[in-house]
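Mentor: Here is the model we will go through. Ask how each label is earned.

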Amino acid sequence: MATGSLPLVPPEFPARVFATVGTELFAALRAANPARVVLQVPAGLVRNAHDLAARLREEVGAPVVLATRACFGACDFPSRDEAPRADVAVVLGHAPIPNVPLVRPTFFVEMREPAGDPASLAATLAASSIPRRLGLVLSVQHLDLTARLTAALDARGFEVRMGRGDRRLAYAAQALGCNYTSAEAVARDVEAFLFVGTGRFHPLGLAFAVDRPVWALDPLQNILELPIDRAALVRRRQLQVASVRDARRWGILVSTFAGQNRHATALALQERARAHGREAELLLFDRLDPRDLEGRDLDAYVNTACPRIALDDGPYYPKPVLTPPEFLMALGELPLEPYRFDTYH
Ligand code: SF4
């Protein structure tokens, strides 16, 4: 089922959105009459990538090449250099990010998963100690559950709030690993947040972003996880900040991916560093590899690309990596409390 087209800012190439791989996607691709299609699949679907490419070739009647580089989000679609002869891209598993310009017409297949029994899920929540005034946040795959789950929770006496985020989010109540503005919009009205989806990636990011308990519900297994210990997460980051307060030589990491490029932020941070008598060098990369930072005569890094690199992958890097707000904390320009998540707008 097609879920519509989303406007892009600036309006370069169109994003088309589909719920699943199926007849509507094939028909739209045939109508686009591509000379060559580049197909990108996320890590969890790599096993099916070759069958999918073969099916697309057969259904569309055009050559299909696979983008084999690991991709991490909708910010990270195949670049022109990666697939120079492809005039259309098919990106699986992500919703478009409305304010990221595309390099070619791109068909996003969100892999929606409507399964999950709202009545049973609401019963599980009602039997737990989760607060009754709840903010609801979902991964894009489970957004089709929103209305039915909200109705089931209403019937159980919950008050459910959902927010509309900023222009990096395509849908209300949607979670993106770098942007939880849909949750922030309702945080003052709720006692806790319920994340609906699988894995720890989004609950962790959400716990950094909002000062409320974050519970996570796997809608397919009907398993409710106890809230994340936000205080421990934040304390760990504050200790990291404190450890580099006196660092003199900083590397400012800047990604060239269209959806992760905050060059202006990097330049502003460089200026702040210099104003505090620190040295700060801009380091450009597309996909960051911890090995690229080995052997450098730098004390610490601040990363302007995906915020989750510092928060989730920090231990893999040879020197401490801070987010931009943490860097300003290290310089003494922001207080350690309240902790500020590096929301990518
Ligand atoms: S910046 Fe990071 S969290 Fe945001 S969409 Fe890209 S990979 Fe995901």
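Mentor: Domain bounds come from an automatic or database domain assignment. The model itself is predicted. The assignment divides the protein chain into domain 1 (2-109), domain 2 (118-228) and domain 3 (231-330).

Trainee: How far apart are the C-alpha centres of domain 1 and domain 3?

Mentor: They lie 32 Å apart.

Trainee: How do you know which residues of domain 1 and domain 3 are in contact?

Mentor: Two residues are in contact if their C-beta atoms, placed from the backbone, lie within 7 Å. By that test, 7 residues of domain 1 are in contact with 5 residues of domain 3. On the domain 1 side, the touching residues are 6 nonpolar, no polar and 1 charged.

Trainee: What makes a residue count as being around the ligand, and which come nearest?

Mentor: The C-beta atom must lie within 6 Å of the molecule. That gives 13 residues, of which Gly73, Cys75, Gly177, Cys178 and Cys306 come nearest. Classed by type, the shell holds 7 nonpolar, 4 polar and 2 charged residues.

Trainee: How do you know what span to expect of helix H2?

Mentor: The expected span is 1.5 Å times one less than the number of residues. For the 12 residues of H2 (49-60), 16 Å is expected. The first and last C-alpha of H2 are 16 Å apart, so the span is close to expectation. Gly61 follows H2 and has a positive phi, near 75 degrees.

Trainee: Why do strands E8 and E11 stand at the edges?

Mentor: Take the strand order: E8-E7-E9-E10-E11, an open sheet of 5 strands with mixed pairing. E8 (159-161) and E11 (223-225) each have a single partner strand, so one side of each lacks a neighbour in the sheet. Neighbouring strands here are turned by 30 degrees against each other on average, direction ignored.

Trainee: What makes E9 and E10 a pair?

Mentor: Pairing needs at least two bridges between the strands. E9 (residues 192-196) and E10 (residues 214-218) have 4 bridges and run parallel. They therefore pass the cut-off. One bridge sets Val196 against Leu217 in E10. Helix H4 (residues 146-155) packs on this sheet, touching E7 (133-138), E8 and E9. The direction of H4 makes about 150 degrees with that of E8.

Trainee: Why do E13 and E15 stand at the edges?

Mentor: The argument rests on an open sheet of 4 strands, ordered E13-E12-E14-E15, with parallel pairing. E13 (279-285) and E15 (321-322) have a single partner strand each, so each has one side without a neighbour in the sheet. E12 (residues 249-255) pairs with E13 in the parallel sense over 7 bridges. Leu253 stands opposite Leu283 in E13.

Trainee: What makes the phi of Asn33 worth listing?

Mentor: Most residues other than glycine have a negative phi, and most peptide bonds are trans. Asn33 is not a glycine, yet its phi is positive, about 50 degrees. Asn33 lies in the loop between helix H1 (23-32) and strand E3 (37-40).

Trainee: How do you know that the peptide bond from Glu337 to Pro338 is cis?

Mentor: Look at omega: near -5 degrees. Pro338 belongs to the segment after helix H10 (324-330).

Key: Residues are numbered from 1 along each chain as its sequence is written. This is a predicted model: local features need pLDDT of at least 70, side-chain atom pairs count only at pLDDT 80 or more; totals for chains, interfaces and linings use all residues. Ala, Val, Leu, Ile, Met, Phe, Trp, Tyr, Cys and Pro count as nonpolar, Asp, Glu, Lys and Arg as charged, and the others, Gly among them, as polar. Helices (H or I, at least four residues) and strands (E, at least two) are DSSP runs, numbered from the N terminus. Axes are lines fitted to C-alpha atoms, for helices over the stretch in contact, and angles run from 0 to 180 degrees between N-to-C directions.
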